[in-house]
Amino acid sequence: MKMENSRPRIAIFAYSEVGSLCLEELIKSGANVIVVYTHNDDPNEEIWFRLVKDIALKNNIPVRTPLKIGEADIEELRGMEPELILSFYYRAMIPKAVLELPRLGAYNIHGALLPKYRGRACVNWAVLNGERETGATLHVMTEFADRGDIVAQKSVPIVFTDTARNVFMKVAFAARDLIAESLHELESGTAKLTPQDESKATKFGRRRPEDGKIDWNKSAESVYNLVRAVTHPFPGAFTHWDGKKIYIWEAFPREGSAEPGEIISQNPLLVGTGRGLLEVMRYQPEGEPERDA
């Protein structure tokens, strides 16, 4: 017979590895998770992370996977009487009517150090922009994405050889730590809130596969940052050569000069940029297997 959990009733909205790690942390802590809302996987996406749904079902937690939170979902959730809502990389906007349900509030994990890098694909953008630091932020959810008061933050380094996936995992573990450290305050309603400084806010939008096109007039470092920001498991950086679309999965900037886009060496494979050379180490003509240069 399952014993009743007297801790606050928590509804979770979660996806990706951040969602998996944070849900596991809640289960480990004995939190009273009453339902998990998550997503069905996109067949066009490379699924490299563990599934929140699998973790929830393994632990006998009810799962819901609506495409959009509609009126019927809101009414069902209202009937569950959640006292706290937590969101971990859930991809859809959660309606204001849902956020207003729990007496202890609704909180979200964002994969950046707010107010910087509000919006989608924040880890990819940070790597692309050559940042040396990012992190995770636990904040109040409002009807305006990523603008709520901050509960806690944890920074992580971005080293020059990190790919976006490397950084994403660092952020995911930082998110798990934030939940572990802040859960008691969230459950007791004693979390201290810090308003975001709007003067320091930056926002970046969704990234699409076509945004991976390489501009060889940019510096070798800028092209390298694009490559590592969108390499596997993301759609990839690409260029066109001899009438073919070529994906570049691994590269590194080198000293030297050549005309932008000019191949000056085959071994190593060196391409000119607006400043410096890019050594291509792994590439893939569209429709063909990947290969080492």
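Strand β5 (residues 106–110) and strand β7 (residues 133–140) pair in the antiparallel sense over four bridges, and within this pairing N108 has H139 of β7 as its bridge partner. In the predicted model described here, both strands belong to an open sheet of seven strands, arranged in the order β3-β2-β1-β4-β5-β7-β8 with mixed pairing. The edges of this sheet are occupied by β3 (63–64) and β8 (150–157), each of which has a single partner strand, so one side of each is left without a neighbour in the sheet.

The chain as a whole contains seven helices and 15 strands, and its C-alpha trace spans about 70 × 40 × 30 Å along the principal axes. Of the 293 residues in the chain, 51% are buried, while the accessible surface comes to about 14900 Å², with 49% of that area belonging to carbon and sulfur atoms. Among the contacts in the chain with a separation of 6 or more, 66% are accounted for by residues 24 or more positions apart.

A further set of strands is linked by successive hairpins. β12 and β13 pair in the antiparallel sense over three bridges, with L270 of β13 as the bridge partner of S265, and the two strands form a hairpin with two residues between them. The loop between β12 and β13 contains P268, which is joined to N267 by a cis peptide bond with an omega of about 5°. β13 in turn pairs with β14 in the antiparallel sense over four bridges, where the bridge partner of G272 is L277 of β14; this second hairpin has four residues between its strands, and G276 in the turn has a positive phi of about 95°. Both faces of β13 are covered, since L269 and V271 on one side and L270 and G272 on the other are all buried.

These strands also contribute to the second largest pocket, in which about 410 Å³ of space lies. The elements giving two or more residues to the lining of this pocket are β10 (237–241), β11 (244–254), β12 (263–266), β13 (269–272) and β14 (277–285). In total the pocket is lined by 18 residues, and W241, I246, I263, L269 and Y283 lie nearest its centre. By residue class, the lining divides into eleven nonpolar, four polar and three charged residues. L269 thus appears both among the residues nearest the centre of the pocket and among the buried residues of β13.

Several backbone features were examined against the general expectation that most residues other than glycine have a negative phi and that most peptide bonds are trans. In addition to the bond between N267 and P268, a cis peptide bond joins H232 and P233, with an omega of about 10°, and P233 is placed in the loop between α7 (220–230) and β10. A positive phi of about 50° is found at A121, although this residue is not a glycine, and its place is in the loop between β6 (118–119) and α5 (122–128). D146, likewise a residue other than glycine, has a positive phi near 65° and lies in the loop between β7 and β8. With regard to accessibility, A121 counts as partly exposed because its relative accessibility is 27%, whereas D146, at 10% relative accessibility, counts as buried, the cut-off for a buried residue being under 20%.

Terms used: Residues numbered from 1 in each chain as written. Predicted model: local features only at pLDDT ≥ 70, side-chain atom pairs only at ≥ 80, totals over all residues. Heavy atoms only, no water. 1 Å grid on protein atoms, 1.4 Å probe; cavity = no way out; pocket = protein on both sides within 12 Å on 5 of 7 lines; lining within 4 Å. Points joined across faces, edges and corners; volume = space filled by probe spheres on them. Nonpolar A, V, L, I, M, F, W, Y, C, P; charged D, E, K, R; others polar. Buried < 20%, exposed > 50% of the residue type's maximum accessible area, 1.4 Å probe, protein only. Pairing = 2+ DSSP bridges. Contact = heavy atoms within 4.5 Å. Areas by Shrake-Rupley, 256 points an atom, 1.4 Å probe, with all protein chains shown as cover.
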